[in-house]
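Me: I would like to learn how to read a model like this one, feature by feature. Please start with a sheet.

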Amino acid sequence: MICVTLHHKTYGEIIDILADSSVEMAEIRLDLCPELTDGQIADLFANCDTPLVATSRKDSRKLALAIEAGARFADLELEAPVAVSRHIQSLCRKCGTELIRSYHNTATTPDAGFLGQVMMRCFRYGADIAKIVTNCNSPEDVETVMGLYAPAEGREDVPKGRLIAFGMGECGRQSRFDCLVKGAPFTYAALSAEEAVAPGQWPVRELAGRIGQVRRFIRRGLVMPSSKSFAQRAIIAAALADGVSHLDGYTPCEDSESAVRVAGEIGAVVHRTKDGSGRETLEIKGMGAALSEGGRPLALKSLNVGESGLLARLMIPLCSVLNEESIVIEGSRTLPERPLAGAVNIMAAFGVILTGQDGRSREVRVPVNVKGHIIPGVADVSGSGGSQLISGLMMALPLCSKPSTLYVGEPKSIPYMYITQDVLGKFGIRLTCEMEGNAEMLALQDWSYCTGMSFRIPGAQRYKSADFTIESDWSGAANFMVAGAVFGGVEIEGLDTASVQADISIMDILVDAGAVVSVTEDSVVSVRKAPLEAFEADLNHCPDLFPIVSVLAAFCAGQTRLSGISRLYGKESNRAEAILEMLSGLGVTASINEDELLIEGEQLSSRFLNGRLLRGGSFASRHDHRMVMALSVAALGADAPVTTDDSECVSKSFPDFFKMMI
């Protein structure tokens, strides 16, 4: 990336420059912009979506003000007084600002040993990024400063993307370009030759032209489809309710349409109306499920849930409550290939027996025979296989005549259970949930530390009709947000930033990776390109993010670690195996170590300049919608077209995906 240095500018001039979408990032020389007031400094760094570097060589107060306002980077000279250094370091940690410790020698280039020691001092004194700039009077000086990028005896290796080293002067001019080739997160340029702040600084247009045209992805005004996680739960709940429900904002996809068909099969009546944007309102007259009046209202022999694993796991408990006799839950396409992990033991805890086509009770798959009726009471089950069957029990147990207590050990995909609880609450179903965990869970409010969940569910309840709007989908949005973070920028409208959807975690992941993420007063989520760095993320509770987050990691300098890979073996494909195959085919080094996926990444500019763009080619889709969407984003950074054998499988969750990508 290219960081444009701005100096001797007024507030209005800076605002106009930053409004230019070709400006990737900017350094504001606060010490050289004397007309900027404190209020203007705070406004610039608080409200600008362009990644900004705050630099003030003489006035640490202005630097602190910018950090507190939200500066992405703060540049502090290595020679700063100890008290100032400690204060700025502390402030950066508190505010989430990355600290650049910089060393400038405007006279000469010291020897390699001295510069190596300076670089190590930068990191010892709190640097997230070390910046070493010297005056180069000869090619040998350039070689010395650029040698900092190579490992050397007697000093620690520099993490990828954590060093900016180049030379000043005419001899050092080329090094301002070459540092990107070596892996610097960004380099500095001037608005024009006349505005160079240091000798040898390139004008931004000339440097950008030298780098070449890396593919850009800029989208505004995107609106995501409705969340199928919310839609499927709401459709089934409405089908169970007394009265007529209205679900606004519905967008059809294969899994949600399967839920509409199932609603009809169990006795609900569904009508549709469509608005000008193509979104629908579902009017659902429920079948009024109630066991307290005696008898079971359904007499189904079989029920087909399409390709939806969620729908299968919702209907297994519900049918064992509502159906008179045993029933076969059937499915299509990839669903019969996917094991119903843990389902046999979980349902057995409530007196229901699941068997496969061979009549045996083991780790079954669809089609599955469901025999017996749920016996309400107290049960202790494992949540290690996922949350979907737990959600089915949360929907079924309130219909039983007596109360139940469901304890879930080793819970996974916790947010999805809260989606279920949220939807049930809209339809008048009461239940309480308590989480168990250690002190870290309480202090950090982090679900990763949750060891168990207890659900207390009163019996003899009835679903009541409800009217509400189905939330937009964070899972689909994640693909566009990653595309914006790597290749340019994106603005998405209509997402609920207070959602309990698991995949809202993409916002935190992108921030950890270094992208600029903001939300306007109008609830527009904006993601903008910035220097990206390796990160760590626990995806146990949001496993659907694995494919697209793996693509993000491929463009982040260093080794990214994603935990929770074991959650992927029973998705639409063996998604863990599919992701490794995808990354290998794209030319990305990756491996699995126990429950972690390790990915070696490199920034887009470095990939482009070193001829290491992702490899294009033909990839097996495995008929997995999330893999196809992730590959489509990866294709933006590939050296040749990326094709798959089944691009149409995106219709499972996002039929208009490719229209939005174009």
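Me: What is the strand order in the open sheet of four strands?
Reply: This is a predicted model. To read a sheet, list its strands in order across it and then look at the pairing. Here the order is β11-β12-β10-β21, and the pairing is mixed. Strands β11 (269-274) and β21 (467-469) form the edges, each pairing on one side only. From one strand to the next, the twist averages 15 degrees.

Me: In which sense do β10 and β21 pair?
Reply: Strand β10, residues 244-250, runs parallel to β21, with three bridges between them. For a register point, take Asp 248, which lies opposite Thr 469 of β21.

Me: Which helices pack on this sheet, and which strands do they touch?
Reply: Look for contacts, then for the angle between directions. Helix α10 (residues 228-240) touches β10, β12 (280-285) and β21, and its direction is at about 165 degrees to that of β10. Helix α11 (residues 254-265) also packs on the sheet, with contacts to β10, β11 and β12; its direction and that of β11 make about 140 degrees.

Me: How are β11 and β12 joined?
Reply: They run antiparallel and share six bridges. One register point is Val 270, whose bridge partner in β12 is Ile 284. The hairpin has five residues between its strands, and Gly 278 there has a positive phi near 95 degrees.

Me: What span should α11 have, and how far apart are its end C-alpha atoms?
Reply: The check multiplies a rise per residue along the helix. With twelve residues at 1.5 Å a residue, α11 should span 16 Å; the end C-alpha atoms are 16 Å apart, so the two agree. Just after α11, Gly 267 adopts a positive phi of about 110 degrees.

Me: Which residues of α11 are buried, and what do they pack against?
Reply: The buried residues include Asp 255, Glu 257, Val 260 and Val 262. The buried residues of α11 pack against α10, β10, β11, β12, β13 (302-304) and α12 (309-322).

Me: Where does α12 bend?
Reply: The bend is at Ile 316 and amounts to about 25 degrees; a proline, Pro 317, follows within four residues. As for length, the 14 residues of α12 should span 20 Å at 1.5 Å a residue, and the end C-alpha atoms are 20 Å apart, so expectation and model agree. As for cover, 14 of the 14 residues of α12 are buried.

Me: Is Asn 540 buried or exposed?
Reply: Compare the relative accessible area with the cut-off: buried means under 20%. Asn 540 has 9%, so Asn 540 counts as buried. Asn 540 sits in the loop between β25 (536-538) and α19 (546-554).

Me: What does Asn 540 touch?
Reply: Leaving out residues up to four places away in sequence, Asn 540 touches Lys 412, Ser 413, Ser 563, Gly 564, Arg 567 and Asp 595. In addition, the side chains of Asn 540 and Asp 538 make a polar contact at 2.9 Å.

Me: Which strands pair with β28 in the antiparallel sense?
Reply: Count bridges for each pair in turn. Strand β26 (residues 558-563) pairs with β28 (residues 596-601) over six bridges, and Thr 560 has Ile 599 of β28 as its bridge partner. Strand β27 (residues 590-593) pairs with β28 over four bridges, with Ser 591 bridged to Leu 598. Two residues separate the strands in the hairpin of β27 and β28, where Glu 594 has a positive phi near 55 degrees.

Key: Residues are numbered from 1 along each chain as its sequence is written. This is a predicted model: local features need pLDDT of at least 70, side-chain atom pairs count only at pLDDT 80 or more; totals for chains, interfaces and linings use all residues. Side-chain values use heavy atoms; hydrogens and water are left out. Two strands pair if DSSP finds at least two bridges between them. Axes are lines fitted to C-alpha atoms, for helices over the stretch in contact, and angles run from 0 to 180 degrees between N-to-C directions. Contact means heavy atoms within 4.5 Å. The expected span of a helix is 1.5 Å times one less than its number of residues. Buried means under 20% relative accessible area, exposed over 50%, partly exposed in between (1.4 Å probe, protein chains only). The bend at a residue is the angle between axes fitted to the seven residues ending there and the seven starting there. A polar contact is a pair of N or O atoms within 3.5 Å; within protein, one must be able to donate a hydrogen and the other to accept it, and residues adjacent in sequence count only if both atoms are side-chain atoms.
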